[in-house]
Amino acid sequence: MCSVTIEMPASVVQLLGSTSEEAARHLAELALIELFRRGELSGGKAAELLGLSRAEWLDLLAQHDVPHAVVTEESLAHDLKTLADRRARRATSSPTPDR
C-alpha cells in the first residue's frame, strides 16, 4: 500500500469525520467510489480495498447515489454483441414453422 498526505483546513477535516482517521477513511471511500463511477476500478476491487463485503459496498454506493452498475462503451458493445450472437444462434437452430 501507499500513503498520501494532504493538507486541509481543520474545519474541512471535521466535516469529513470526527477524527483524522475517520476523515482519511471517508476520503479513501470517496476516491474509490469516483474511480468505480468512472469505470477505472471494479466494484469488487474497491470493496476489497476498503475491507467491505459486497452488500456493504452496495450500501455505500447507495449512500452516495452512485448506481452499482456502471455502463461503459466497451461493456455496452460486449453486451450488444452477445445478444446478437445469441439471436443468430437461435435463428439457425430453431425449426421454421410450416405455413
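This passage looks at salt bridges and surface patches in a predicted model.

Salt bridges come up first, and the count for the model is five. One of them joins R25 and E29, whose closest N and O atoms sit 3.1 Å apart. Both partners belong to helix α2, which runs over residues 20-37. They are four residues apart there, or about one turn of the helix. The two ends of this pair fall into separate burial classes. R25 has a relative accessible area of 33%, so it is partly exposed. E29, on the other hand, comes out at 15%, and with the cut-off for buried set at under 20%, E29 is therefore buried.

A second pair with a helical setting is K45 with E48, where the side chains meet in a salt bridge at 3.5 Å from N to O. Here the host is helix α3, residues 43-50, and the spacing is three residues, again described as about one turn of the helix. K45 is at 35% relative accessibility and so counts as partly exposed. Its partner E48 reaches 55%, and because exposed means over 50%, E48 goes into the exposed class.

Also among the five salt bridges is the one between E40 and R38, with the closest N and O atoms 3.0 Å apart. E40 has a relative accessible area of 52% and is therefore exposed. R38 stands at 44%, so this arginine counts as partly exposed.

Turning to the surface patches, there is a positive one and a nonpolar one to describe. The positive patch is put together by four arginines, R86, R87, R89 and R90. R87 can be placed in helix α5, which spans residues 73-93. At 65% relative accessibility, R87 is counted as exposed, because the exposed class begins over 50%.

The nonpolar patch is the work of V4, I6 and M8, and covers about 300 Å². V4 is found in the segment that comes before α1, the helix of residues 10-16. Its relative accessibility is 70%, so V4 also counts as exposed.

To pull the threads together: the R25 to E29 bridge lies within α2, and the K45 to E48 bridge lies within α3. As for the patches, R87 of the positive patch sits in α5, whereas V4 of the nonpolar patch sits ahead of α1.

Technical notes. Residues numbered from 1 in each chain as written. Predicted model: local features only at pLDDT ≥ 70, side-chain atom pairs only at ≥ 80, totals over all residues. Heavy atoms only, no water. Patch = residues over 30% accessible without salt bridge, like charges linked within 9 Å, V, L, I, M, F, W, Y side chains within 5 Å. Areas by Shrake-Rupley, 256 points an atom, 1.4 Å probe, with all protein chains shown as cover. Lys, Arg positive; Asp, Glu negative; His and termini not counted. Charge placed at Lys NZ, Arg CZ, Asp CG, Glu CD. Helix = DSSP H or I, 4+ residues; strand = E, 2+ residues; numbered from the N terminus. Buried < 20%, exposed > 50% of the residue type's maximum accessible area, 1.4 Å probe, protein only.
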